Amino acid sequence: MKKTLVILSVPCLALLLNGCSSTPELNSIKMETDSSIENSKLADYLADGTNSISYSYKEVDDRYKINVKAKVDNSFYANNPLGILNILSRTVEEMDRDISDFCGRKDCEFGTLKVVSATSSKKDPYSLKIDTYDGNEILVRDDVKYKRDDLTYYKDPEGILPDPDYNENEDYNNNDDVLQFNDAVYQYMEDKFDEITNYGENYIPDIDDPKVVKAAAIHFDITEEASEIYVNKAVEQGESYKVEY
């Protein structure tokens with residue numbers, strides 16, 4: 001009997017030395033990582049400090065992906081999309097990547113940082129891969145993906161630092177930025193009209209105008225401004241325009 005106990009204890013000893021747990025120790029990962037997030041840009045928007053941060057895991061290709069979710073207050077949503085991209089990008093830079101010690105017999109790595117509203121399910125969730133590189137980030141907003149280049153019509157916080165008066169809540173209110181933004185909206189709508197009407201051959205105003213305005217509103221995160229921008233730009237260029245006020 002004693003020999004049996006000794007034999008059985010050997011595998012257990014090996015597991016103890018190499019990690020008996022077969023799943024990630026999320027509490028340990030949280031303790032290790034919360035401090036990094038506390039010192040990040042995202043900390044200013046957490047609804048309840050590090051209590052707002054939770055961790056989960058998913059098994060992918062024989063390893064674990066550790067995903068992070070943060071609940072934020074309404075002030076986070078006052079930032080324009082480029083500001084949000086930069087906040088999340090700077091936050092993931094601060095996060096400690098070496099977490100495999102907490103994953104037992106399998107390696108693990110960070111997956112995605114997801115940000116949700118603490119008070120309203122109607123506000124869009126945002127997410128960003130944690131293992132990302134500056135300039136190549138892809139911001140996901142309610143399942144729609146945006147590259148950094150897609151957001152250049154917003155004021156770029158990186159482009160005007162270290163201006164002490166800059167506020168990341170600032171919107172695109174500089175005149176040059178507005179002109180660039182309006183050009184982008186107009187060109188997008190022109191291309192969309194060409195796409196859905198076969199370059200005007202099948203144009204039906206009552207059907208096509210609302211479609212294009214809605215597409216532009218979603219793409220640029222604006223509302224009925226799209227139709228006004230389009231008409232004003234068409235008038236400025238001396239061209240006929242499709243969208244009616």
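**Exercise 1. A salt bridge within a helix**

How many residues apart are Lys-192 and Glu-195 in helix α5, and what part of a helical turn separates them? Work it out in the predicted model.

Solution.
- Step 1. Helix α5 covers residues 175-197, and Lys-192 and Glu-195 are three residues apart in this helix.
- Step 2. An α-helix has 3.6 residues a turn, so residues three or four places apart point the same way.
- Step 3. Lys-192 and Glu-195 are therefore separated by about one helical turn.
- Step 4. The two residues form a salt bridge, with 3.6 Å between the closest N and O atoms. The cut-off for such a pair is 4 Å.
- Step 5. Glu-195 counts as exposed, at 57% relative accessibility.
- Step 6. Another group of salt bridges shares partners and joins Glu-59, Asp-62 and Lys-106 into one network.

**Exercise 2. Salt bridges between strands**

Find which strands are tied together by the salt bridge of Glu-109 and Arg-63, then examine the pair Lys-65 and Glu-109.

Solution.
- Step 1. The count of salt bridges comes to eight. One of them joins the side chains of Glu-109 and Arg-63, at 3.1 Å from N to O.
- Step 2. Glu-109 belongs to strand β4 (residues 108-117) and Arg-63 to strand β3 (residues 63-72), so this salt bridge ties together parts that are 46 residues apart in sequence.
- Step 3. Glu-109 also meets Lys-65 in a salt bridge, at 2.6 Å from N to O. Lys-65 is in strand β3 and Glu-109 in strand β4, so the pair, 44 residues apart, links distant parts of the chain.
- Step 4. For accessibility, the limits of the partly exposed class are 20% and 50%. Glu-109 is partly exposed at 25%, Arg-63 is partly exposed at 27%, and Lys-65 is partly exposed at 25%.

**Exercise 3. Helix α2**

State the length of helix α2, locate its kink, and list its buried residues and what covers them.

Solution.
- Step 1. Helix α2 (residues 26-38) has 13 residues. From its first C-alpha to its last, α2 reaches 17 Å, close to the 18 Å expected.
- Step 2. A kink of about 30° in α2 is centred on Glu-32.
- Step 3. The buried residues of α2 are Ile-29, Thr-33, Asp-34, Ser-36 and Ile-37.
- Step 4. Among the elements that cover these buried residues are β1 (47-50), β2 (53-60), β3, α3 (81-94) and β4.

**Exercise 4. The nonpolar core**

Describe the largest nonpolar core and the surroundings of Phe-76.

Solution.
- Step 1. In soluble globular proteins, nonpolar side chains tend to be buried together.
- Step 2. The largest nonpolar core here has 50 residues. Leu-42, Val-68, Phe-76, Leu-88 and Phe-110 have the most contacts inside it.
- Step 3. Helix α3 gives the most to this core, with six residues.
- Step 4. Leaving aside residues up to four places away in sequence, Phe-76 touches Leu-42, Tyr-45, Ile-84, Ile-87, Leu-88, Val-115 and Tyr-126.
- Step 5. Tyr-126 and Val-144 are 18 residues apart in sequence, and their C-alpha atoms are 9.4 Å apart in space. Val-144 lies in strand β7 (residues 144-147) and is partly exposed, at 36% relative accessibility.

**Exercise 5. Thr-197**

Is Thr-197 buried or exposed? Give its place and its contacts as well.

Solution.
- Step 1. Thr-197 is in helix α5.
- Step 2. Its relative accessibility is 1%. Buried means under 20%, so Thr-197 counts as buried.
- Step 3. Beyond residues up to four places away in sequence, Thr-197 touches Asn-202, Tyr-203 and Asp-208.

**Exercise 6. The whole chain and its confidence**

Summarise the fold, then say where the pLDDT is lowest and where it is highest.

Solution.
- Step 1. The protein has seven helices and seven strands, in the order α-α-β-β-β-α-β-β-β-β-α-α-α-α along the sequence.
- Step 2. Of the 245 residues, 36% are buried.
- Step 3. Among contacts with a separation of 6 or more, 61% are between residues 24 or more positions apart.
- Step 4. The average pLDDT is 77, and 76% of the residues score at least 70.
- Step 5. Confidence is lowest in helix α1 (residues 2-18), at a mean of 39, and highest in strand β5 (residues 126-129), at 94.
- Step 6. The pLDDT is below 50 over residues 1-20, a stretch with seven contacts beyond near neighbours in sequence. It is also under 50 over residues 157-174, for which the model has 39 contacts beyond four places in sequence.
- Step 7. Where pLDDT is low, the predicted coordinates should not be read in detail.

Notes: Residues are numbered from 1 along each chain as its sequence is written. This is a predicted model: local features need pLDDT of at least 70, side-chain atom pairs count only at pLDDT 80 or more; totals for chains, interfaces and linings use all residues. Side-chain values use heavy atoms; hydrogens and water are left out. Helices (H or I, at least four residues) and strands (E, at least two) are DSSP runs, numbered from the N terminus. Buried means under 20% relative accessible area, exposed over 50%, partly exposed in between (1.4 Å probe, protein chains only). pLDDT is the predictor's confidence in each residue, from 0 to 100. Contact means heavy atoms within 4.5 Å. The expected span of a helix is 1.5 Å times one less than its number of residues. The bend at a residue is the angle between axes fitted to the seven residues ending there and the seven starting there. A nonpolar core is a set of buried Ala, Val, Leu, Ile, Met, Phe, Trp, Tyr and Cys residues joined through side-chain atoms within 4.5 Å.
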